[in-house]
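The following exercises ask the reader to describe a protein chain from its overall layout down to single residues. Each task is followed by a worked solution.

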Amino acid sequence: MIVLRGRLNGIQRNRIKGLLNMLYTSKELASEIGINVNQIYAVYVPLGCPVQRDDRKHIFINGKSFAEWYTKVYIKIRLAEDETFCKTCKQGVKIYQPKQKTKGGLSYVLSVCPVCGRGLTKIIDFKR
Ligand SMILES: [Zn+2]
């Protein structure tokens, strides 16, 4: 099953690659990645992210272990060219009834999920 909650964007994913083999406090880790510290407690810890607790229940996270854990849990979503990702069905679905649009250098395709009917957007090109 594909986990969507807590998924990082490209910039944040690059930042976790730079995490060191040392313990971070939850606050330090959040600021290194560029996320809200609550995301660690509300999403990553319940999902089983590797943490160490001290006597006062403060959380410490090893940067390298976190990066490895993240890559394992958040499997890369691979889509074929004629597919788009449906967040309701949590899977790639065929682009159905496509409407191509362009707005401010951004080209995207609007489609409808053939399974659940959700309106979907796939970005296909971006030119500044
Ligand atoms: Zn769907």
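Helices (H or I, at least four residues) and strands (E, at least two) are DSSP runs, numbered from the N terminus. The model is predicted.

**Exercise 1.** Determine which pattern of helices and strands the chain follows along the sequence.

Solution. Begin with the inventory: the chain holds four helices and eight strands. Next, place these elements in sequence order, which yields α-β-α-α-β-β-α-β-β-β-β-β.

**Exercise 2.** Decide whether the chain is as compact as a globule or more spread out.

Solution. First, take the radius of gyration, which is 18 Å for the chain. Second, obtain the reference: for 128 residues the globule rule gives 14 Å. The radius is well over that reference, so the chain is more spread out than a compact globule. The extents of the C-alpha trace along its principal axes are about 55 × 35 × 20 Å.

**Exercise 3.** Locate the domains of the chain and state what distance separates their centres.

Solution. The domain assignment places domain 1 at 10–73 and domain 2 at 83–126. Taken over C-alpha atoms, the centres of domain 1 and domain 2 are 32 Å apart.

**Exercise 4.** Describe burial, contacts, surface and charge for the chain as a whole.

Solution. Start with burial, for which the cut-off is under 20% relative accessible area; 29% of the 128 residues are buried. Turn then to contacts between residues at least 6 apart in sequence: 43% of them join residues at least 24 apart. The exposed area of the chain is about 8,800 Å², of which carbon and sulfur atoms supply 51%. Finally, the chain carries 23 positive and 9 negative charges, and the mean positions of the two groups lie 7 Å apart.

**Exercise 5.** Examine the backbone angle phi at lysine 57 and at lysine 90, and classify the exposure of lysine 57 and of lysine 90.

Solution. The background is that most residues other than glycine have a negative phi.

- Step 1, lysine 57: its phi is positive, about 65 degrees, although the residue is not a glycine. Lysine 57 belongs to the loop between strand 2 (52–53) and strand 3 (59–62). Its relative accessible area is 66%; since exposed means over 50%, lysine 57 is exposed.
- Step 2, lysine 90: here too a residue other than glycine has a positive phi, near 55 degrees. Lysine 90 sits in the loop between strand 4 (83–86) and strand 5 (91–94). With a relative accessibility of 32%, lysine 90 is classed as partly exposed.

Definitions and conventions. Residues numbered from 1 in each chain as written. Predicted model: local features only at pLDDT ≥ 70, side-chain atom pairs only at ≥ 80, totals over all residues. Heavy atoms only, no water. Domains from an automatic or database assignment. Rg over C-alpha atoms; globule rule 2.2 N^0.38 Å. Buried < 20%, exposed > 50% of the residue type's maximum accessible area, 1.4 Å probe, protein only. Contact = heavy atoms within 4.5 Å. Areas by Shrake-Rupley, 256 points an atom, 1.4 Å probe, with all protein chains shown as cover. Lys, Arg positive; Asp, Glu negative; His and termini not counted. Charge placed at Lys NZ, Arg CZ, Asp CG, Glu CD.
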